[in-house]
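Subject: Structure for you to look at

Hello,

Here is the structure I said I would pass on. Please open it alongside this message.

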Amino acid sequence: MHLFKPLIKLGAMACAAVILSSCTVVVDEGPDRPPRPDRPQMCTMEYDPVCARRGERQRTFSNACMARAEGYRPIYPGECRRRPDRPPQSDRPQFCTKEYRPVCARRGDRVRTFPNACTARVADYRVIHPGSC
């Protein structure tokens, strides 16, 4: 009976180790871009639209956290109002599904992997090919 107690403890510890190791999350920021401490690393999918700005560019995001994660600064709640001197950007969706079909996309000289083509287009990237970069 005394031999079974250490074996039970050892078995419980092994089971806990397997469970904990299966809960590991790896975030790939890409080889050329370390995580930015000034930007959120994870946002909720809450729909509370904001208009945000980066430089001269304005864009509508589904929430303020997502705007900050892309390097934009929220400037007012709600969708961005279209300026009369600019045509609407109807080719870029504003909101995407959570479907996971990775794509490699480019904007200027930056190349990045996105979870799907829609999220790449929303970030103003052009899809290069399916799959990771």
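Below is what was found, from the whole chain down to single residues.

Please keep in mind that this is a predicted model.

Overall make-up. The chain has 133 residues, of which 19% count as buried. Its secondary structure consists of 3 helices and 6 strands, and read from the N terminus the order of these elements is α-β-β-α-β-β-β-α-β. About 10,100 Å² of the chain is exposed, and 60% of that comes from carbon and sulfur atoms. Among contacts with a separation of 6 or more, 36% are between residues 24 or more positions apart.

Strands β1, β2 and β3. Strand β1 covers residues 50-54 and strand β2 covers residues 57-61; the two pair in the antiparallel sense over 5 bridges. One of the pairings puts Arg53 opposite its bridge partner in β2, Gln58. The two strands form a hairpin with 2 residues between them. In that turn, Gly55 has a positive phi of about 65 degrees. β1 also runs antiparallel to β3, to which it is joined by 4 bridges. On this side, Cys51 stands opposite Tyr76 of β3.

Ile75. This residue lies in β3, which spans residues 73-77. Is Ile75 buried or exposed? Neither term fits: Ile75 counts as partly exposed because its relative accessibility is 29%, and that class lies between under 20% for buried and over 50% for exposed. Leaving out residues up to four places away in sequence, Ile75 touches Cys51, Ala52, Arg53 and Gln58. Gln58 is 17 residues from Ile75 along the chain, and their C-alpha atoms are 9.1 Å apart. Gln58 is also the residue that bridges to Arg53, so two of the residues that Ile75 touches are partners of each other.

Nonpolar cores. Which residues make up the largest nonpolar core? There are 6 of them: Val103, Ala105, Phe114, Ala120, Ala123 and Tyr125. Apart from this core lies another, of 5 residues, including Val50, Ala52, Phe61 and Tyr72. Ala52, a member of that second core, is one of the residues in touch with Ile75. Back in the largest core, Ala123 has contacts with Arg59, Glu70, Arg107 and Phe114, neighbours within four places in sequence aside. Of these, Phe114 belongs to the largest core as well.

Regards

Conventions
Residues are numbered from 1 along each chain as its sequence is written. This is a predicted model: local features need pLDDT of at least 70, side-chain atom pairs count only at pLDDT 80 or more; totals for chains, interfaces and linings use all residues. Side-chain values use heavy atoms; hydrogens and water are left out. A nonpolar core is a set of buried Ala, Val, Leu, Ile, Met, Phe, Trp, Tyr and Cys residues joined through side-chain atoms within 4.5 Å. Buried means under 20% relative accessible area, exposed over 50%, partly exposed in between (1.4 Å probe, protein chains only). Contact means heavy atoms within 4.5 Å. Accessible areas come from the Shrake-Rupley method with a 1.4 Å probe; for residues, only the protein chains shown count as cover.
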